[in-house]
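Please open the structure in a viewer and keep the selection tool at hand. The tour proceeds by selections, each followed by a short account of what is there.

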Amino acid sequence: MTDIETAIATDNPASVPETGITPGGTTGAFRDVLSRDHARRGKPPLHFADMTPEQRIATAAELGLPKFRVKQLANHYYGRFDADASEFTDFPAAKREDAARAFFPELIHEVTRQVADDGATIKTLWRLFDGSLIESVLMRYPTRTTLCISSQVGCGMGCPFCATGKLGLTRNMSAGEILEQVRVAARMMRDGEVAGGPGRLSNVVFMGMGEPMGNYRSVLSAVRQISAMPPEGFGISARNITVSTVGVVPGIRKLAEEGIPVRLAVSLHAPSDALRDELVPMNRRFDTTAVLDAAHDYWLASKRRVSIEYALMRGINDQAEHARLLAKRLNHYGDDWAHVNPIPLNPIEGSRWTASKPEDERRFLDILHAAGITATLRDTRGQDIDGACGQLAAKGRDGRA
Ligand code: SF4
C-alpha cells in the first residue's frame with residue numbers, strides 16, 4: 001500500500017500531513033512526481049475552514065474574543081461568503097482586522113480571469129501562497145450553475161492525453177484552498193458577476209486539476225463544508241456535488257462508507273485492461289474489474305447513479321468494438337446503475353491524441369443506447385479557453401505551464 005492508500009484505508013490523520021503534502025510514490029502506476037522544492041514550500045496558512053471547532057475557539061481566545069464570535073464568523077463565511085474585515089460589521093471595530101488576519105488569510109489570489117460563452121463560462125487562474133497555480137471553471141446553464149474545482153496542484157496519475165497529467169503532482173491542496181474556490185464563485189453568482197444576473201451556485205464538481213482520491217482527507221472535509229447548511233457550510237446539496245476519480249479503488253470504497261450522497265464519476269476511458277493500461281496508468285494498480293466492482297458497489301450503497309467518464313480519442317478508444325465491450329461490461333452488473341458521459345477529447349497543444357470524428361462519436365453513442373445504456377455526450381463548455389476536462393494545466397499569462 002502507498003501512503004495515500006494507507007491513509008484512505010485507516011483514515012489516520014497522523015499519516016497525512018496537515019498540508020496534505022503527500023510523500024508521493026516512486027513505484028507502480030502512481031507517478032506522484034513531487035516538485036523538488038516541495039519541502040521548502042511549507043504549509044498553506046491555517047484557515048477558518050481548516051480549523052476544528054476547538055481550534056477556532058482557541059484562536060478567538062488568543063485575540064480576546066469570546067466563543068460566540070466564532071459563530072458570527074461562521075455566519076459571515078458560509079452564509080454570506082465574507083472573508084474581509086470590512087464586512088464584519090457586527091464585530092468590535094478594533095478586532096475586525098485581527099480576526100480577518102487570524103481566521104481568513106488569503107489562500108487563493110486571482111491571477112487571470114478568462115470569459116467565454118458570452119460570459120456564461122469563467123475560468124479563473126489562482127496563485128496559491130507558495131506560488132503554485134491552479135484553476136477553477138464556473139459554468140452557468142439555464143437551470144444550474146456548476147463550478148469545477150481543483151483539489152491538487154498538478155496530478156500524479158500521468159494519463160498521457162491530459163494536460164494536467166503532464167505537470168506531475170506538486171502537492172495536495174488544503175481544505176481551505178479547495179473551499180475558497182467555492183466561496184468566491186458563490187459570491188460572484190450572488191453578486192451578479194456572471195452573465196445572466198444574480199443567481200446561486202448550485203453544483204460543484206471535483207474535476208479540475210488533480211485526483212481527488214489522492215487528497216482524500218481535504219476533499220472529504222471540503223465536501224462536508226460545501227454541503228452542510230450555514231453556518232456549518234455553504235448549503236449546496238451533497239446530491240449536487242460530484243467527486244471524480246481515475247479509479248483509486250480504496251478511495252471509492254471509503255467514500256461509499258461515508259454515507260454522503262455525492263455523485264461518483266469514474267474516468268474509465270477504455271473498456272479493456274490492455275487499452276486502459278496505456279491510457280490510464282493507474283489501471284496497472286487497479287484494473288477495470290476492480291474499478292467497476294467498486295463503482296457498482298458505490299451505486300448499491302448510495303443509490304446514486306455512477307457517471308462513467310469516457311474521453312473519446314480518435315482511432316484509439318472510439319470504435320464500435322470499444323462501445324460494444326463497454327456496454328457489455330456495464331450491463332454485466334445490471335441495468336440503470338451507470339450513466340456514460342462520452343467526452344469529445346479536447347485537443348491539447350503538441351499532443352498526438354485528437355478528438356473523434358463526429359460520425360464515430362454518434363456510432364459510439366448509438367451502440368450504447370441500443371444496449372440499454374444511458375449515455376449523453378458531455379458538453380465541452382469552455383473549450384475555447386482550455387477550461388474543459390483534461391485541459392486544466394494552469395498556464396500563466398505568458399502561456400507557460
Ligand atoms: S486525466 Fe485526470 S487523473 Fe489522468 S492525469 Fe489528467 S487530471 Fe490526472
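The tour visits a helix and then a strand with its neighbours.

This is a predicted model, in which local features need pLDDT of at least 70 and side-chain atom pairs count only at pLDDT 80 or more, while totals for chains, interfaces and linings use all residues. Residues are numbered from 1 along each chain as its sequence is written.

**Helix H5**

Select residues 93–103, which form helix H5; helices (H or I, at least four residues) and strands (E, at least two) are DSSP runs, numbered from the N terminus. Ala99, Ala100, Ala102 and Phe103 are buried (20 or more other C-beta atoms lie within 10 Å of the residue's own, against 12 or fewer for exposed and in between for partly exposed, with C-beta atoms placed from the backbone). Viewed down the axis of H5, the buried residues fall within an arc of 165° (taken from the directions from the helix axis to the C-beta atoms), so they line one face of the helix. On the other side of H5, Ala94 and Arg101 are exposed.

**Strand E10**

Next, select residues 306–312, strand E10: seven of the seven residues are buried, so the strand is largely enclosed by the rest of the structure. Val306, Ile308, Tyr310 and Leu312 lie on one side, and Ser307, Glu309 and Ala311 on the other.

**Neighbours of E10**

Add strand E9 (residues 263–267), which runs parallel to E10 and is joined to it by three bridges. Here Ala265 stands opposite Ser307. Then add strand E11 (residues 338–344), also parallel to E10, with seven bridges between them. Leu312 stands opposite Pro344 in E11.

Key:
Pairing = 2+ DSSP bridges.
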